[in-house]
Amino acid sequence: HCGGLQEAADRVLVEKLEGPATPPGRLTTSLRLAGLDVTANALLLHDGSRAQVYRIGQADSSLSVLSEFESPAVPTAENPAEPAASKSITLATGGAGGCAMALYNESMYRTADHRVEVCNLSGMHNRLTPPTMHPRQATC
């Protein structure tokens, strides 16, 4: 397993948590980070409109670019007719509709337009998860 830490708006540190001690991998990215996720062999960085995926070296914590792509994991437009109470709930979760991305095994999950998309690590859309909440409720 690996752990990740955001050191600054554009810098991350990744370290192996098991096995022999190795120096951590450090990375400065062109993104102004909104979020990151780490699995045993991959690092995902995103800024809400673009994403980068890195492969983490098995013998050490070295990082190599796996993919970079535009991402629709962005907040959806606010509905002016929506009651103010609903807006305060959605804004607290990252904007109207919220936005999030996460890794699981060799898949990436991202929110887009009040739904969750399942993608490969290159950002190619595989399938949608069915909505389980009312469209005006935050989904991430």
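## A mostly-strand chain, as predicted

This is a predicted model, and the mean pLDDT of the protein chain is 76, with 71% of its residues at 70 or more. One weak patch is residues 74-97, where the pLDDT is below 50; beyond near neighbours in sequence, the model still gives this stretch 37 contacts. Another is residues 133-140: pLDDT stays under 50 there too, and the model has 20 contacts for them beyond four places in sequence. Keep both stretches in mind when you look at the coordinates.

**Overall layout**

What does the secondary structure consist of? The protein chain has one helix and eleven strands. Going along the sequence, the pattern reads β-β-β-β-β-β-β-α-β-β-β-β, so the helix comes after seven strands and is followed by four more.

As for packing, 36% of the 140 residues in the protein chain count as buried. Take the contacts with a separation of 6 or more: residues 24 or more positions apart account for 36% of those. On the outside, the protein chain exposes about 7,600 Å², and carbon and sulfur atoms supply 55% of that area.

**Strands S1 to S3**

Start at the N-terminal end. Strand S1 (residues 2-8) and strand S2 (residues 11-16) run antiparallel, joined by six bridges. The two make a hairpin, with two residues between them. Right by that turn, Ala8 has Arg11 in S2 as its bridge partner. S2 also pairs with strand S3 (residues 25-28), again in the antiparallel sense, over four bridges. In that pairing, Val12 stands opposite Leu27 in S3.

**The S4-S5-S6-S7 sheet**

Further along, four strands form an open sheet in the order S4-S5-S6-S7, with antiparallel pairing. Which strands stand at the edges? They are strand S4 (35-38) and strand S7 (63-70); each has a single partner strand, so one side of each is left without a neighbour in the sheet. From one strand to the next, the twist averages 15 degrees.

Zooming in on one edge, S4 is joined to strand S5 (residues 42-46) by four bridges, and the two run antiparallel. Val38 is part of this pairing, with Leu43 in S5 as its bridge partner. As general background, strands of a sheet pair through backbone hydrogen bonds, either parallel or antiparallel.

Here are some of the antiparallel pairings side by side:

| Strand pair | Bridges | A facing pair |
|---|---|---|
| S1 and S2 | six bridges | Ala8 and Arg11 |
| S2 and S3 | four bridges | Val12 and Leu27 |
| S4 and S5 | four bridges | Val38 and Leu43 |

**A few residues to click on**

Two cysteines are worth a look. Cys2 is buried, because its relative accessible area of 10% is under the 20% cut-off. Cys119 is buried as well, with a relative accessibility of 0%. If you're setting up topology, note that a search of the whole structure finds zero disulfides.

Then there's Asn105. Is this residue buried or exposed? Asn105 counts as exposed, because its relative accessibility of 53% is over the 50% cut-off. Asn105 sits in the loop between strand S8 (101-104) and strand S9 (107-112). Its phi is near 55 degrees, which is a positive value in a residue other than glycine.

Conventions
Residues numbered from 1 in each chain as written. Predicted model: local features only at pLDDT ≥ 70, side-chain atom pairs only at ≥ 80, totals over all residues. Heavy atoms only, no water. pLDDT = per-residue confidence, 0-100. Contact = heavy atoms within 4.5 Å. Pairing = 2+ DSSP bridges. Axes fitted to C-alpha atoms, helices over the stretch in contact; angles between N-to-C directions. Buried < 20%, exposed > 50% of the residue type's maximum accessible area, 1.4 Å probe, protein only. Areas by Shrake-Rupley, 256 points an atom, 1.4 Å probe, with all protein chains shown as cover. Disulfide = S-S within 2.5 Å.
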